[in-house]
Amino acid sequence: QVRLVMKAHSFIRENVPRVMSSVKDKSSTVPIPKISQYLYFLFAPTLIYRDNYPRNPMIRWGYIATKFAQVLGSLFYAYYIFVRLCIPLFHNSSQETFNLRGLVLCIFNSILPGVLILFLVFFAFLHCWLNAFAEMLRFADRMFYK
């Protein structure tokens with residue numbers, strides 16, 4: 001939801017001044033973007049709205065399959081971390097009496113698995129998932145500032 005709010009802000013920030021200047025100049029045509037441009041912007045991995053983006057000439061389907069395989073691998077690895085490192089720590093915590101020593105031990109033993117899962121989420125979403133969608137949309141992010 002935060003990403004969608006940021007995209008909506010970028011869309012409004014880019015288009016409202018153009019519309020207002022054309023209304024002020026009493027121009028006959030108002031430069032309103034097409035629905036297809038807005039939908040492309042919603043799915044493209046960028047927060048900066050432009051009417052046109054640089055596009056790659058073709059889609060590399062092998063690259064997309066590799067990225068989705070990496071997402072699945074990350075999910076399985078996160079499941080393994082939960083099963084082997086997180087669940088055994090908290091399995092008997094509901095039957096034991098509360099003490100500060102047990103709480104501190106659980107927290108410190110959960111730091112490493114938590115950091116590993118955080119890295120996996122960043123890798124799976126920000127690197128693999130968004131790059132796969134960028135490739136499917138032929139979004140040429142390396143040429144974005146040209």
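**Exercise 1. Aromatic pairs.** Determine how many aromatic pairs there are, and classify the pair of Phe 68 and Phe 133.

*Solution.* Step 1: apply the pairing rule, under which rings of Phe, Tyr and Trp (its six-membered ring) pair if their centres lie within 6.5 Å; planes under 30 degrees apart count as stacked, over 60 as edge-to-face and the rest as tilted. By this rule, the count is eight aromatic pairs.

Step 2: examine the geometry. The ring centres of Phe 68 and Phe 133 are 6.4 Å apart and the planes stand at 90 degrees, so this pair is edge-to-face.

Step 3: place both residues in the chain. Phe 68 belongs to helix 3 (residues 61–90) and Phe 133 to helix 4 (residues 100–136), so the pair ties together parts that are 65 residues apart in sequence. Helices here are DSSP runs (H or I, at least four residues), as strands are (E, at least two), numbered from the N terminus.

Step 4: assess accessibility. Buried means under 20% relative accessible area, exposed over 50%, and partly exposed in between (1.4 Å probe, protein chains only). Phe 68, at 27%, is partly exposed, and Phe 133, at 24%, is also partly exposed.

The model is predicted: local features need pLDDT of at least 70, side-chain atom pairs count only at pLDDT 80 or more, and totals for chains, interfaces and linings use all residues. Residues are numbered from 1 along each chain as its sequence is written, and side-chain values use heavy atoms, with hydrogens and water left out.

**Exercise 2. An aromatic cluster and charges over rings.** Identify which residues ring pairs link into a cluster with Phe 41, and which charged end sits over the ring of Phe 41.

*Solution.* Step 1: follow the ring pairs. They link Phe 41 with Phe 11, Tyr 38 and Tyr 49 in a cluster.

Step 2: look for charges over rings, the criterion being NZ of Lys or CZ of Arg within 6 Å of the ring centre and within 35 degrees of the ring normal. The charged end of Lys 7 meets it over Phe 41, at 4.5 Å from the ring centre. Arg 60 is placed likewise over the face of Tyr 63, 4.5 Å from the ring centre.

Step 3: set Phe 41 in its helix. Helix 2 (residues 35–43) has Gln 37, Tyr 40, Phe 41 and Leu 42 as its buried residues, and these pack against helix 1.

**Exercise 3. Two polar residues of helix 1.** Establish whether Ser 10 is buried or exposed, do likewise for Asn 15, and find which backbone oxygen lies by each side chain.

*Solution.* Step 1: consider Ser 10, in helix 1 (residues 2–24). Its relative accessible area is 10%, so Ser 10 is buried.

Step 2: find its polar partner. A polar contact is a pair of N or O atoms within 3.5 Å; within protein, one must be able to donate a hydrogen and the other to accept it, and residues adjacent in sequence count only if both atoms are side-chain atoms. A polar side-chain atom of Ser 10 lies 3.0 Å from the backbone oxygen of Leu 47.

Step 3: list the contacts (heavy atoms within 4.5 Å). Beyond residues up to four places away in sequence, Ser 10 touches Phe 41, Leu 47, Ile 48 and Tyr 49.

Step 4: repeat for Asn 15, likewise in helix 1. Asn 15 is buried at 5% relative accessibility, and its side chain reaches the backbone oxygen of Phe 11 at 3.0 Å. With neighbours within four places set aside, Asn 15 contacts Pro 33, Tyr 49 and Asp 51.

**Exercise 4. The loop between helix 2 and helix 3.** State whether Ala 44 is buried or exposed, and do likewise for Pro 57.

*Solution.* Step 1: locate the residues. Ala 44 lies in this loop, and so does Pro 57.

Step 2: read the accessibility. Ala 44 is buried, at 1%, whereas Pro 57 is exposed, at 78%.

Step 3: relate each to distant parts of the chain. Ala 44 touches Lys 7, Leu 137 and Phe 139, not counting residues up to four places away in sequence. The C-alpha atoms of Pro 57 and Ala 140 are 9.2 Å apart, with their positions 83 residues apart along the chain.

**Exercise 5. Cysteines.** Determine how many disulfides there are.

*Solution.* Step 1: apply the cut-off, a pair of cysteine sulfur atoms within 2.5 Å. The count is zero.

Step 2: check Cys 106. The nearest cysteine sulfur, that of Cys 86, is 11 Å away. Cys 106 is buried at 16% relative accessibility, and Cys 128 is buried at 0%.
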